[in-house]
Structures are given as structure tokens and as C-alpha cells.
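Subject: Structure handover

Hi,

Here is the structure I said I would pass on to you. Have a look at it first, and then read on for what turned up in it.

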Amino acid sequence: GQAAQATRHFASLATLARVLYCLLNLCSGPVERRTSINTQVRAASKSGQRPLSTMATLIMGVKTFIDQMATLPRLIAVWASLFPFPQLLIGGYLTLTRGVSSPAGWVFFSRVLSFVVAGQIALRYPFARMMGPVMHAPFVVVVPLCIQWLRSSAVVADPHMAWFITYTTAVTIISLILDGRLAFKWFQGENIGQFKKGDGTEHTHLLPIPSILIAIYFALA
């Protein structure tokens, strides 16, 4: 049933998380660079601060990723507001109200995983363009599941969920196509490099706007 499908999905995501972690360590360059975070933690400890726990490091990574995203050119910030943040915020709301085994749960937990992965990349390689293909890998699993759900009769019973999953599937397919092109260049040996930084203006205020508008639509519809 649906619970068994959700269990298989989360097991797949857990396996994928381990693969991404190994890939991240393999692609993180010299040992000195890979351990830069640990060096910072030891330095903080010597200065009298308590060492960061694993959870604190994960949270710090996610915050670093969001901060970096907000300083990129406005167009990228707008795309971020339309793509990952509705999946996190609206997906989180629908997960709470519909359950973790719902399609929104698939999207929400995949997005949380992708933010954790992106945070660790942001700490090691700030503004790395390969961050996208790596962090979006969970959605290779999610998109077929969402399409399968959209073809079922459950769509009629929950129009808000249907709208959210349709939107998520559409923007994620676009993202995966762009990521695929970038990954292909990387596998061909091209130097992908970093995102071009903006003019120093932070666009943090843009990130939640589409999610707020979607929430208002759900409340009024």
C-alpha cells in the first residue's frame, strides 16, 4: 500500500544519501581541504568555544548555503524562490497536514536531504556550480513517483496536493535537465567552476515570496 511505498522511498533516499556522502568526500579534493571544517572547529575549541556537534555542523552548512544563494545574481535568487523554497515550506505544510507518506512528504524530505548535501558542499566549495547536480540527485527518484501519483485517481480527492505536485514536478524536470547538461560538461572534463557572484546585494527577502503567495492561494481557494 501507500505506507509500504513510502518506506521503500525513504529507504532509497537513505541509500542515496550515503552514496552522495561518499561522492562528496571523493570529490572534495586534498585531505587538507576536506578537513578544513574540522580545523575551524578545533580553532573554535582552542578559543574557548565548545566544538560544534554533527547536527550543528549540518545546520551551519544549510545556513551557509542559503546565505550564498542570497548573494548570487537576482535571476538565480528568483529561481531559488520558485524551486527549492516552495518544496521546503509548502511541502513541509502539506506533509504535516497530509502525512509523511503523502507525495508532499516525498518532496519535502528529498528537499531537506538536498539542503543538507548542498550545505556540506557550500562549506567545502563555496558557490560551486556542481552543487546543483549533486544536491538534486534525490529528485531523480521523486519525479517518477510524483508522475505516477498524478496519473492516479487520488488527484481528484486533494486539489491542493495535486496543484503542488504538478508544480513541483514541472520545475524539477526543468532543473534536472539543466543539471544534466552541467554534469555532462563536468564528465567531459570541462572546468565547471563557480557561480558568478552578484553585485553584493542580498536577495534573502525574495526567497520566501512565492511560497507565501502559494500559501495565500491555498487559504483562499
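Before the surface figures, one definition: accessible areas here come from the Shrake-Rupley method with a 1.4 Å probe. On that basis the protein exposes about 12100 Å², and carbon and sulfur atoms supply 67% of that area. Please keep in mind that this is a predicted model.

**Overall make-up**

The protein has 12 helices and 0 strands. Read from the N terminus, its elements therefore run α-α-α-α-α-α-α-α-α-α-α-α, where helices and strands are taken as DSSP runs. Of the 221 residues, 41% are buried. Among contacts with a separation of 6 or more, 78% are between residues 24 or more positions apart.

**Salt bridges**

There are 2 salt bridges in the structure. In one of them, the side chains of K63 and D67 meet, at 2.8 Å from N to O. Both residues sit in helix α4 (residues 54-70), and because they are 4 residues apart there, about one helical turn separates them. K63 is exposed, with 52% relative accessibility, while D67 is partly exposed at 39%.

The other pairs D158 with R98, and the closest N and O atoms are 2.9 Å apart. D158 is in the loop between α10 (154-157) and α11, whereas R98 belongs to helix α6, so this salt bridge ties together parts that are 60 residues apart in sequence. As for accessibility, D158 is buried, at 15% relative accessible area, and R98 is partly exposed, at 31%.

**A nonpolar patch, and the helices around it**

Which residues make the nonpolar patch on the surface? They are V78, W79, L82, I174 and L178, and the patch covers about 390 Å². Two elements, α5 (74-82) and α11 (159-187), each give two or more residues to the patch. The most comes from α5, which gives 3 residues.

W79 deserves a second look, since this patch residue lies in helix α5 and is partly exposed, with a relative accessibility of 31%. W79 also takes part in the packing of α5 on α6: together with A80, S81 and L82 of α5, W79 meets P84, F85 and P86 in α6.

How do two packed helices get described? By the angle between their axes and the distance between those axes. For α5 and helix α6 (residues 84-98), the angle is about 30° and the axes are 3 Å apart. Angles under 35 degrees count as roughly parallel, and α5 and α6 are therefore roughly parallel to each other.

**Two residues with 0% accessibility**

Is I165 buried or exposed? With 0% relative accessibility, I165 counts as buried. I165 is placed in helix α11. Setting aside residues up to four places away in sequence, I165 touches P103, A104, V107, C146, W149 and L150. One of these partners, P103, is 62 residues from I165 along the chain, yet their C-alpha atoms are separated by 7.2 Å.

S114 is the other one: S114 lies in helix α7 and is buried, with a relative accessible area of 0%. Apart from its neighbours within four places in sequence, S114 is in contact with M135 and F139.

**A backbone angle to check**

Finally, you may want to look at F127. Its phi is near 65°, which is a positive value in a residue other than glycine. F127 lies in the loop between α7 (103-124) and α8 (131-135). Although in a loop, F127 is buried, with a relative accessible area of 12%. The cut-off behind that word is under 20% relative accessible area.

That is what I have for now. Happy to talk it through whenever suits you.

Best wishes

Note on methods: Residues numbered from 1 in each chain as written. Predicted model: local features only at pLDDT ≥ 70, side-chain atom pairs only at ≥ 80, totals over all residues. Heavy atoms only, no water. Buried < 20%, exposed > 50% of the residue type's maximum accessible area, 1.4 Å probe, protein only. Patch = residues over 30% accessible without salt bridge, like charges linked within 9 Å, V, L, I, M, F, W, Y side chains within 5 Å. Salt bridge = Lys/Arg side-chain N within 4 Å of Asp/Glu carboxyl O. Axes fitted to C-alpha atoms, helices over the stretch in contact; angles between N-to-C directions. Parallel < 35°, antiparallel > 145°, perpendicular 65-115°, else oblique. Contact = heavy atoms within 4.5 Å.
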